[in-house]
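Welcome! Have the model at hand and try each exercise before you read its solution.

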Amino acid sequence: MRVVARMLVPVLAGLAVSCGAEEAEPLVVGAQGAAESRVLADIYAQALARTGAAVRVEPGLGGRAEVLAALDAGTVAVAPDHNGALLADLNVGAEATTTKAVTRELNGSLPQGTVTADAADGADFEPRVLVTAAVAEQRGIDSVEQLATQCSSLVAGIAAVPGLFELPQVAGKISGCAFASTEVFPGPGELRRALLEGRVQAAVLAGPAEFLPGGTEGLKVLADPEDAIRPENPLALVRKGALDDRQLEKLNYVAGELTTDELATLVLRVRDESADPGELARTWLDAHGL
């Protein structure tokens with residue numbers, strides 16, 4: 001019996017080491033179907049993987065409600081979104097129009113057990129307001145604030161941008177502006193044509209002008225220095241306690257490097273060229289030393 005016991009000791013010890021070395025469950029980064037969500041999910045996932053964590057992307061999640069439910073259930077640890085749109089869904093009465101104020105109100109509106117990493121304030125996907133160059137000159141309009149004083153005499157066209165996060169209607173609200181009437185167009189191309197043909201005098205595109213087919217020749221994109229429109233900065237939603245300090249810091253570094261033009265380029269490549277978001281994410285992270 002003593003011989004058998006001596007033989008069992010190393011075997012049991014080996015089993016103990018083997019069990020202790022089992023890999024931890026991977027962190028799951030959830031992605032909705034939109035190209036923007038897929039790009040950001042891969043950027044976040046690969047950034048976290050570079051901290052040594054096991055990570056996988058779970059694509060094909062539904063809308064914002066499904067994402068929040070997955071975070072609450074623990075089936076997803078991280079998911080991308082926009083701060084402004086998320087606040088609009090969670091708190092319809094919120095009035096914040098600056099990144100700082102949106103962050104404050106969003107933190108008070110998040111479901112229990114959910115936190116966020118820093119918002120990417122260098123990447124703003126808020127709706128862009130455009131007028132023709134001729135109208136801008138005739139009416140002396142250079143900014144959204146200047147437009148607001150004339151909204152009551154203007155017909156505006158509105159269009160969503162395929163491939164971006166869905167924006168609730170309130171997310172595109174312009175402070176102090178009530179258009180004479182509005183018309184919803186099926187896409188950015190139709191909106192651009194209507195503006196150039198004079199069927200509408202202002203256009204509200206639910207995203208950056210980079211997503212306007214045909215470009216902005218003959219048009220003026222109005223600046224918004226006074227934050228008349230709520231910002232739409234990408235951020236990572238995080239299940240509380242799912243990430244350690246180093247991993248959260250990594251996501252904050254990512255937020256500090258994201259820019260509107262770079263993210264728009266990545267999204268367009270995935271949406272229009274069927275580029276692999278994983279490859280694009282890897283290249284972007286390498287370029288930014290992340």
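Below are five exercises on this predicted model, each with a worked solution.

**Exercise 1. The disulfide**

Find how many disulfides the structure holds, which residues are joined, and which parts of the chain are tied together.

Step 1. Start with the count: there is one disulfide in the structure.

Step 2. Its partners are C151 and C177, with an S to S distance of 2.0 Å. A pair of cysteine sulfur atoms has to lie within 2.5 Å to count as a disulfide, so this pair qualifies.

Step 3. Now place the two cysteines. C151 sits in the loop between α7 (144-148) and β6 (155-159), while C177 sits in the loop between β6 and β7 (181-184), so the pair ties together parts that are 26 residues apart in sequence.

Step 4. Look at the handedness. The torsion about the S-S bond of C151 and C177 is about -100°, so this disulfide is left-handed.

Step 5. Finally, check the surroundings: C151 and C177 are both buried.

**Exercise 2. A salt bridge within a helix**

Locate the salt bridge between R269 and E273 and work out how the two residues are placed in their helix.

Step 1. The side chains of R269 and E273 meet at 3.3 Å, N to O. The cut-off for a salt bridge is 4 Å, so the pair counts as one.

Step 2. Both R269 and E273 belong to helix α10 (residues 260-273), where they are four residues apart, about one turn of the helix.

Step 3. Turn to accessibility. R269 has a relative accessible area of 35%, which makes R269 partly exposed. E273 reaches 52% relative accessibility, and exposed means over 50%, so E273 counts as exposed.

**Exercise 3. More salt bridges**

How many salt bridges does the structure hold, and which residues are linked in a network?

Step 1. The total is nine salt bridges.

Step 2. One of them joins the side chains of E197 and R199, at 2.9 Å from N to O. E197 is exposed, with a relative accessible area of 53%, whereas R199 is partly exposed at 45%.

Step 3. Another pairs D272 with R271, at 2.7 Å from N to O. Here D272 is partly exposed at 49% relative accessibility, and R271 is partly exposed at 30%.

Step 4. For the network, look at R64, D81 and D89, which salt bridges link together.

**Exercise 4. Two helices that cross**

Describe how α2 and α11 are oriented, and name residues that make the contact.

Step 1. Select helix α2 (residues 35-49) and helix α11 (residues 277-287). Their axes come within 8 Å and cross at roughly 55°.

Step 2. With that angle, α2 and α11 are therefore oblique to each other.

Step 3. The crossing of α2 past α11 is right-handed.

Step 4. On the α2 side, the contact is made by R38, V39, D42, I43, Q46 and A47. On the α11 side, the partners are P277, G278, A281, R282, W284 and L285.

**Exercise 5. A residue in a loop**

Is V92 buried or exposed, and what distance separates its C-alpha atom from that of L290?

Step 1. Find V92 in the loop between α4 (83-90) and α5 (99-107).

Step 2. Its relative accessibility is 63%. Exposed means over 50%, so V92 counts as exposed.

Step 3. Now compare positions: V92 and L290 are 198 residues apart along the chain, and their C-alpha atoms are separated by 36 Å.

Definitions and conventions:
Residues are numbered from 1 along each chain as its sequence is written. This is a predicted model: local features need pLDDT of at least 70, side-chain atom pairs count only at pLDDT 80 or more; totals for chains, interfaces and linings use all residues. Side-chain values use heavy atoms; hydrogens and water are left out. Buried means under 20% relative accessible area, exposed over 50%, partly exposed in between (1.4 Å probe, protein chains only). Axes are lines fitted to C-alpha atoms, for helices over the stretch in contact, and angles run from 0 to 180 degrees between N-to-C directions. Angles under 35 degrees count as roughly parallel, over 145 as roughly antiparallel, 65 to 115 as roughly perpendicular and the rest as oblique. A crossing is left-handed if the near helix is turned anticlockwise from the far one by less than a right angle, and right-handed if clockwise. Contact means heavy atoms within 4.5 Å.
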